Amino acid sequence: MTSTGAKVAFLACGAVALDTAAIIERRGWDADVHGISSDLHMTPLEIAPAVEAKLKDLLPRYERVIVVYGDCGTGGRLDAVLERYPAARPAGFHCFQWYAGDLYRRFADDIGIYFLTDWLVTNWDRAVIKGLGLDRFPWLKETYFGNLTRILFVRQHPDPEREAKAREIAAWMDRPLEIHDLGIGPLEDLLAPMMGGSDVRT
Amino acid sequence: MREDLEILKRSLIRADPDAGVAAAQRLVDAGVDPKAILEEGMAVAMFELGEMWKRGEVFLPEVVASAEVFKRCNAVVEPVLLAQKDENTEPNALVVLATVKGDLHDLGKNMVGAMLRTSGFDVHDMGKDVSADKIVAAIQEMRPQIVGLSALLTTTVPYQETVIKRLVQEGLRDQVKVMVGGAPVTPEWAEKIQADGYANNAPEAVEVARKLVGLAQ
């Protein structure tokens, strides 16, 4: 039993945890939010074992767990873990796909797109520049991003400072930037059916 | 020569492009056998890096950076090596490499190609976003011993199976060994789609390729 009495736990990647919590609050769901590091995205083979360790910790206290983590390059290893537990996750490969919703489907064939989210823009220097070693090897920029044609910023919460950073990123990558204000509705549409609620936003 | 080989190796492991390219150029200018530069310098460094990766002493950025340095050094050495080859030279086993259709990620494939070249394979790199049609045509034209299919995205991994099925349809499957790789690719997936080989890093890909062509057990 948990201190809150909640029967459902959300195990959310750091890149989506705040928005997941906001959706839970808005919907009034009886659920707790637990976090798991977004840094695992850099080492995809560690995602499934890390999630499994968290599930083992959480499931004695909850009836089920909704894992808000994309496949993120695990190649199905994450889903294979979830099948062994009363746990499930929204369908999709990446968090930007969840946030982009219909837009992602519309551009599915355009393989030169680089997606930004609020989290990625905010954490750009730590997650991308440092995470990919561009602080130490700046000459790798073309190696990493040379194949891209444009940048789509699927924005959750408009913020002038974050928008300026997104424009700075696009300028640095020398690619055109499109900003789409999609909010957190597309993510909510994925989570609502998993809580047994309406999948129509109110 | 020894000193420059050491500088070359060190530059590759430390990912210093300027020092690496300069050392490679000095070795070439001094008339050092390009095969020796590759085998005793560049390959040794990359295998050492692979071991460091396995031991957790280096991480993805270091490996990517070293691979890029390798590419730049190889651009100095490889033309000399190719110029030395003549019609009497025994051909090496040929590997055709491709990042499959829908996928623009070619870092891993490039690293595998570089390591294969240093290990005595000829490599024809078809690039990225390559369709099954083009791969089939390349196999029909070049008759490689191995085709290597890379995919980094979970969404593009299934295309490896698409290619293998096309090879069956075209009656080519028995004529070429198929290796698959890419971060989301698993040994189970490779077995499911009846690939002949799977590797999860570039040094391992070389070992698998050597086994597939009978150069290693």
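**Exercise 1. Classify Asp125(B) by its relative accessibility, and characterise its salt bridge with Lys109(B) in this predicted model.**

Solution.

Step 1. Asp125(B) has a relative accessibility of 30%. Partly exposed residues lie between the 20% and 50% limits, so Asp125(B) counts as partly exposed.

Step 2. Lys109(B) has a relative accessible area of 3% and is therefore buried.

Step 3. The closest N and O atoms of Lys109(B) and Asp125(B) are 2.9 Å apart, and the two residues form a salt bridge.

Step 4. Lys109(B) belongs to helix 5 (residues 107-118) of chain B, while Asp125(B) belongs to strand 2 (residues 122-125) of chain B; the pair therefore ties together parts that are 16 residues apart in sequence.

**Exercise 2. Determine which salt bridges Glu68(B) forms with Lys71(B) and Arg72(B), and how the partners are placed in helix 4 of chain B.**

Solution.

Step 1. For Glu68(B) and Lys71(B), the closest N and O atoms are 4.0 Å apart, and a salt bridge is assigned.

Step 2. The side chains of Glu68(B) and Arg72(B) also meet in a salt bridge, with an N to O distance of 3.3 Å.

Step 3. Glu68(B) and Lys71(B) are 3 residues apart in helix 4 of chain B, so about one helical turn separates them. Arg72(B) and Glu68(B) are 4 residues apart in helix 4 of chain B, again about one turn.

Step 4. Glu68(B) is buried, because its relative accessibility is 11%. Lys71(B), at 48%, is partly exposed, and Arg72(B), at 31%, is partly exposed.

**Exercise 3. Describe the contact between chain A and chain B by residues, buried area and polar interactions.**

Solution.

Step 1. Chain A contributes 19 residues to the contact and chain B contributes 24 residues.

Step 2. About 1,700 Å² is buried between the two chains, and carbon and sulfur atoms give 65% of that area. On the chain A side, Ile111(A), Trp139(A) and Asn147(A) supply 34% of the area buried against chain B, more than any other three residues.

Step 3. The interface of chain A and chain B holds 1 salt bridge. Its partners are Glu62(B) and Arg136(A), whose closest N and O atoms are 2.1 Å apart.

Step 4. There are 6 residue pairs in polar contact between chain A and chain B. The side of chain A that touches chain B consists of 8 nonpolar, 8 polar and 3 charged residues.

**Exercise 4. Analyse how domain 1 and domain 2 of chain A meet.**

Solution.

Step 1. Domain 1 of chain A spans 8-89 and domain 2 of chain A spans 96-181. Their C-alpha centres lie 24 Å apart.

Step 2. In this contact, 11 residues of domain 1 of chain A meet 9 residues of domain 2 of chain A. The area buried between these domains is about 740 Å², with 57% given by carbon and sulfur atoms. Within domain 1 of chain A, the residues losing the most area to domain 2 of chain A are Ala15(A), Asp19(A) and Met42(A), together 52% of what that side buries.

Step 3. The interface of these domains contains 1 salt bridge. Asp39(A) and Arg126(A) meet in a salt bridge through their side chains at 2.8 Å, N to O.

Step 4. Polar contact links 3 residue pairs across the interface of domain 1 and domain 2 of chain A. The side of domain 1 of chain A that touches domain 2 of chain A divides into 5 nonpolar, 3 polar and 3 charged residues.

**Exercise 5. Carry out the corresponding analysis for domain 1 and domain 2 of chain B.**

Solution.

Step 1. In chain B, domain 1 covers 2-83 and domain 2 covers 94-212. Between their C-alpha centres there are 24 Å. The contact involves 12 residues from domain 1 of chain B and 9 residues from domain 2 of chain B.

Step 2. Together these domains bury about 1,000 Å², 78% of it on carbon and sulfur atoms. Phe47(B), Val64(B) and Phe70(B) supply 38% of the area that domain 1 of chain B buries against domain 2 of chain B, more than any other three residues.

Step 3. The count between domain 1 and domain 2 of chain B is 1 salt bridge. Glu78(B) and Arg117(B) form a salt bridge, with their closest N and O atoms 3.1 Å apart.

How values were computed
Residues are numbered from 1 along each chain as its sequence is written. Chains are lettered from A and ligands numbered from 1 in the order in which they are written. This is a predicted model: local features need pLDDT of at least 70, side-chain atom pairs count only at pLDDT 80 or more; totals for chains, interfaces and linings use all residues. Side-chain values use heavy atoms; hydrogens and water are left out. Contact means heavy atoms within 4.5 Å. Buried area is the accessible area (1.4 Å probe) that two parts lose on being put together, summed over both. A polar contact is a pair of N or O atoms within 3.5 Å; within protein, one must be able to donate a hydrogen and the other to accept it, and residues adjacent in sequence count only if both atoms are side-chain atoms. Ala, Val, Leu, Ile, Met, Phe, Trp, Tyr, Cys and Pro count as nonpolar, Asp, Glu, Lys and Arg as charged, and the others, Gly among them, as polar. Domain bounds come from an automatic or database domain assignment. Helices (H or I, at least four residues) and strands (E, at least two) are DSSP runs, numbered from the N terminus. Buried means under 20% relative accessible area, exposed over 50%, partly exposed in between (1.4 Å probe, protein chains only).
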